Amino acid sequence: MRNVVEKMQKEYKVDVVGFGNRLRIKQPRAWMRVKDNRDQTFIEVPINYDVKLTIKDYGTSGFNK
């Protein structure tokens with residue numbers, strides 16, 4: 001995940017996941033401050049991750065030959 005986001009920020013310099021749109025909706029005042037320079041802001045902003053993983057099933061299905 002970190003590699004993908006870093007590639008979006010540093011190499012492609014695009015906001016493909018919609019951080020800007022979410023900021024516009026959730027924090028309109030902050031959006032007004034950065035909207036004119038949003039591309040530069042996106043490539044510099046640190047992104048924190050909170051990942052929750054649930055394994056629903058496990059086993060050797062398909063290997064019983």
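## A salt bridge along H1

Lys7 and Glu11 are joined by a salt bridge, with their closest N and O atoms 3.5 Å apart. The two residues sit 4 positions apart in helix H1, so about one helical turn separates them. Lys7 itself is partly exposed, at 38% relative accessibility, while Glu11 is among the exposed residues of H1. Please keep in mind as you look around that this is a predicted model.

The count of salt bridges comes to 2. Besides the pair in H1, the side chains of Asp50 and Lys52 meet in a salt bridge, at 3.5 Å from N to O. Both Asp50 and Lys52 are exposed.

## The two sides of H1

Let us turn the helix around its axis. Which residues of H1 are buried? They are Val5, Met8 and Gln9. These residues span an arc of only 85° around the axis, and therefore lie on the same side of H1. Helix H4, covering residues 38-44, is part of what covers them.

The other side of H1 has Asn3, Val4, Glu11 and Tyr12, which are exposed. Two of these names come up elsewhere in this report: Glu11 as the salt-bridge partner of Lys7, and Tyr12 as a member of a nonpolar surface patch.

## From H1 into the loop

Just after H1, the backbone at Lys13 adopts a positive phi of about 55°. A little further on comes Val14, in the loop between helix H1 (2-12) and helix H2 (19-26).

Here is a nonpolar patch worth a look: Tyr12, Val14, Val16, Val17 and Phe19 together make about 470 Å² of nonpolar surface. Why can Val14 be counted in such a patch? Its relative accessible area is 34%, which makes Val14 partly exposed, and patch residues need over 30%, so Val14 passes that cut-off. Tyr12, another member of the patch, is one of the exposed residues of H1.

## H4 and a distant pair

Helix H4 has already appeared as part of the cover over the buried residues of H1. Asp39 belongs to H4 too. Is Asp39 buried or exposed? With a relative accessible area of 54%, Asp39 is exposed.

Asp39 also gives a handy way to get a feel for distances in the model. How far apart are Asp39 and Ile55 in space, C-alpha to C-alpha? The distance is 36 Å, for two residues that are 16 residues apart in sequence.

Terms used. Residues numbered from 1 in each chain as written. Predicted model: local features only at pLDDT ≥ 70, side-chain atom pairs only at ≥ 80, totals over all residues. Heavy atoms only, no water. Patch = residues over 30% accessible without salt bridge, like charges linked within 9 Å, V, L, I, M, F, W, Y side chains within 5 Å. Areas by Shrake-Rupley, 256 points an atom, 1.4 Å probe, with all protein chains shown as cover. Salt bridge = Lys/Arg side-chain N within 4 Å of Asp/Glu carboxyl O. Buried < 20%, exposed > 50% of the residue type's maximum accessible area, 1.4 Å probe, protein only. Arc of directions from axis to C-beta. Contact = heavy atoms within 4.5 Å.
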